[in-house]
Amino acid sequence: MAEKMTENKNREQTPMNFVQHQPMEIERRSFEIIASELPHPLDPVLAPIIMRVIHTTADFSYADSLCFSEGVVEKAQATLQKGCTIVTDTNMAKSGINRAALKKLSAEVYCFMADPEIAERAKAEGTTRAVASMDKAAELEGPLIFAIGNAPTALKRLVELAEAGRLQPALIIGVPVGFVNVVEAKEILLRSGLPSIVNRGRKGGSNVAAAIVNALMYSLTRK
């Protein structure tokens, strides 16, 4: 027992190779490491988005599972430059979208999920708050980008609204995480032909949705 205690004490006193870095230096070094460990080369247009998602999750599987509709990055960037509105399905995603970049692009971000009006609408219509939130978002003016990281029902509803002619989204980021209807909702979006960035499979989340929005904005604001 005494030998074990001495071993633990010596281990605690052994200095670790921990180097203090400034935040931007940490990010720069992180992206260097990601680039060196990628499983294969990336399309240079898509690379900043894919790498930021990997940076957020430390999950290299996104290099293969993220799907982009044709020309979607350029279209999304053009939309952001016009000062668009971004709608999320969670306040977590909303909080994760960089405020300084939003300001530079004169863009706004909303999440209606916690609005009392939405809860009442969902109850009255016998649907979910995610669906009610998308219905409200469809009433907004101007170009719209949707960042969905949690609710597969939100994705399905966006496709329905677009097919009904009630919505023309500039971009739908479809990265909900989970096990129920998640894979199916993503495939519905992919088949719709709408401008989209989708992560196939079960993985995703609010942090991934925010990371994709930030990557698109940084490509315009960090030149």
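Colleague: Which residue lies over the face of Tyr-218?

Modeller: Happy to help, and do keep in mind that this is a predicted model. At 3.7 Å from the ring centre of Tyr-218, and over its face, sits Arg-222.

Colleague: Thanks! What is the arrangement of the rings of Tyr-110 and Phe-112, and what are their distance and angle?

Modeller: The structure holds one aromatic pair. Its ring centres, those of Tyr-110 and Phe-112, are 5.9 Å apart, and the planes meet at 15°. Planes under 30 degrees apart count as stacked. The angle of 15° therefore makes the pair of Tyr-110 and Phe-112 stacked.

Colleague: Of those two, is Phe-112 buried or exposed?

Modeller: Let us take the partner ring too: Tyr-110 has 31% relative accessibility and counts as partly exposed. Buried means under 20% relative accessible area. Phe-112 has a relative accessible area of 7%, so Phe-112 is buried.

Colleague: In what order do the six strands of the open sheet run?

Modeller: The pairing in this sheet is mixed. Strand S1 (66-68) and strand S3 (108-111) stand at the edges, each with a single partner strand, so each has one side without a neighbour in the sheet. Neighbouring strands are turned by 15° against each other on average, direction ignored. From edge to edge, the order is S1-S6-S5-S4-S2-S3.

Colleague: Which residue in S6 is the bridge partner of Phe-68?

Modeller: S1 and strand S6 (residues 196-199) pair in the antiparallel sense, over three bridges. In S6, Phe-68 has as its bridge partner Ile-197.

Colleague: At about what angle to S4 does helix H5 run?

Modeller: Good one to look up in the structure. H9 lies across S2 and S4 and runs at about 165° to S4. Helix H5 (residues 72-81) lies across S1, S2, S4, S5 and S6, and its angle to S4 is about 120°.

Colleague: Why are the buried residues of H8 said to be on the same side, and what is their arc?

Modeller: In helix H8 (residues 116-125), the residues Ile-118, Arg-121 and Ala-122 are buried. They share one side of H8 because the arc they cover around the axis is only 100°. The face turned away from that buried side carries the exposed residues Pro-116, Glu-120, Lys-123 and Ala-124. As for the value you asked about, the arc is 100°.

Colleague: Last one: with which residues is Asn-207 in contact, leaving aside its neighbours within four places in sequence?

Modeller: Asn-207 is found in helix H12 (residues 206-221). At 36% relative accessibility, Asn-207 counts as partly exposed. Leaving those sequence neighbours aside, its contacts are Thr-56 and Thr-57.

Methods: Residues are numbered from 1 along each chain as its sequence is written. This is a predicted model: local features need pLDDT of at least 70, side-chain atom pairs count only at pLDDT 80 or more; totals for chains, interfaces and linings use all residues. Side-chain values use heavy atoms; hydrogens and water are left out. Helices (H or I, at least four residues) and strands (E, at least two) are DSSP runs, numbered from the N terminus. Buried means under 20% relative accessible area, exposed over 50%, partly exposed in between (1.4 Å probe, protein chains only). Contact means heavy atoms within 4.5 Å. Rings of Phe, Tyr and Trp (its six-membered ring) pair if their centres lie within 6.5 Å; planes under 30 degrees apart count as stacked, over 60 as edge-to-face and the rest as tilted. A charge sits over a ring if NZ of Lys or CZ of Arg is within 6 Å of the ring centre and within 35 degrees of the ring normal. The arc is that of the directions from the helix axis to the C-beta atoms. Two strands pair if DSSP finds at least two bridges between them. Axes are lines fitted to C-alpha atoms, for helices over the stretch in contact, and angles run from 0 to 180 degrees between N-to-C directions.
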